[in-house]
Amino acid sequence: AEEVGGGDKEVVREYFNNSGFQRWRKIYGETDDVNRVQLDIRLGHSKTVENVMVMLKEEGSLNGVTVCDAGCGTGSLSIPLAREGAIVSASDISAAMVAEAQQQAMEQLGEGSENIPKFEVKDLESLDGKYDTVVCLDVLIHYPQSKADGMIAHLASLAENRLILSFAPKTFYYNLLKRIGELFPGPSKATRAYLHAEADVERALKKAGWKIRKKGFITTQFYFAKLVEAVPA
Ligand code: SAM
């Protein structure tokens with residue numbers, strides 16, 4: 001697989017092991033020590049997770065279906081997937097995120113559960129194997145389109161039947177620019193947010209031999225995500 005630029009990736013890894021971990025663990029959690037903007041992002045993100053679960057279940061039961069959750073964060077999607085009986089392989093570039101996801105899974109599914117996702121510290125570029133379904137939510141925002149192309153191609157190569165991606169759409173560029181200061185306040189400014197045009201994502205999928213089957217769009221005041229489900233063309 002094409003190597004994703006050292007620069008961006010190292011910055012992202014460092015961020016999600018430190019200040020970014022603290023920030024996003026709160027946003028993705030349930031505690032009430034969040035500000036208004038963070039609460040709004042929490043709501044938007046949870047809608048994305050719900051939408052993905054609907055998209056996936058529409059095609060039939062998830063029981064026994066293999067799913068790769070690339071860039072799993074704190075396990076927001078991996079845990080509901082496991083609850084539906086999916087065989088989940090979850091990974092993230094951040095060891096802090098993976099440790100949190102593992103703990104959340106034990107707490108929420110029960111330590112004795114037979115269906116705890118398999119968690120691994122791994123960047124998505126070095127994932128291998130084959131999965132029925134590959135999902136990658138809110139990860140592309142950390143990479144420019146030039147890097148995202150290779151990431152999309154690699155994720156598609158791991159998927160047998162479907163690939164689900166979410167990304168922040170470029171059409172909202174100006175809106176987002178206004179709000180980016182609020183999305184990444186203080187030390188969290190360490191990472192840049194990259195927006196992607198749906199046409200660019202579609203082109204990258206097409207190059208990999210995939211086509212878009214379903215689309216979704218999730219928005220709250222401070223959170224925007226395009227959701228696409230792709231299948232082999
Ligand atoms: N997908 C999760 C969700 O929706 O709840 C987490 C989204 S969070 C905004 C982005 C996550 O992507 C972080 O946990 C980060 O560590 C991870 N990440 C960023 N670049 C990555 C890469 N190249 N490979 C794997 N994970 C990556």
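The exercises below deal with the ligand and the cavities of a predicted model.

Local features need pLDDT of at least 70 and side-chain atom pairs count only at pLDDT 80 or more, while totals for chains, interfaces and linings use all residues. Residues are numbered from 1 along each chain as its sequence is written, and side-chain values use heavy atoms, with hydrogens and water left out.

**Exercise 1.** Describe the residues that surround the ligand.

Solution. Step 1: count the residues that have a heavy atom within 4 Å of the ligand; there are 21. Step 2: name the closest, which are His-45, Gly-71, Asp-92, Leu-137 and Tyr-143. Step 3: sort this shell by class, where Ala, Val, Leu, Ile, Met, Phe, Trp, Tyr, Cys and Pro count as nonpolar, Asp, Glu, Lys and Arg as charged, and the others, Gly among them, as polar. The shell holds 10 nonpolar, six polar and five charged residues.

**Exercise 2.** Find polar atoms of Asp-92, Ile-93 and Glu-125 that pair with the ligand, then state how far the protein covers the ligand.

Solution. Step 1: look for polar contacts (here, pairs of N or O atoms within 3.5 Å). An N or O atom in the side chain of Asp-92 is 2.6 Å from a ligand oxygen. For Ile-93, a polar backbone atom is 3.3 Å from a ligand nitrogen. Glu-125 places a polar side-chain atom 3.3 Å from a nitrogen atom of the ligand. Step 2: take the accessible area (Shrake-Rupley method, 1.4 Å probe). On its own the ligand has 590 Å², of which the protein covers 98%.

**Exercise 3.** Locate the cavities and describe the largest cavity.

Solution. Step 1: search for cavities, which are sets of points on a 1 Å grid over the protein atoms alone where a 1.4 Å probe fits but cannot get out. Two cavities of 30 Å³ or more are found. Step 2: take the volume, the space filled by probe spheres set on the points; for the largest cavity this is about 610 Å³. Step 3: list the lining (residues with an atom within 4 Å of a point). Of its 40 residues, Tyr-28, Leu-137, Asp-138, Val-139 and His-142 are closest to the centre. Helix α3 gives the largest share, three residues. Step 4: place the ligand; the space that the ligand takes is this largest cavity.

**Exercise 4.** Describe the lining of the second largest cavity.

Solution. Step 1: its volume is about 50 Å³. Step 2: its lining includes Cys-68, Lys-118 and Tyr-131. Step 3: β2 contributes the most, three residues. Step 4: by class, four residues are nonpolar, two polar and two charged.

Key. Polar contact = N/O pair within 3.5 Å; in protein donor to acceptor, adjacent residues only side chain to side chain. 1 Å grid on protein atoms, 1.4 Å probe; cavity = no way out; pocket = protein on both sides within 12 Å on 5 of 7 lines; lining within 4 Å. Sits in = over half its atoms within 2 Å of the grid points. Helix = DSSP H or I, 4+ residues; strand = E, 2+ residues; numbered from the N terminus.
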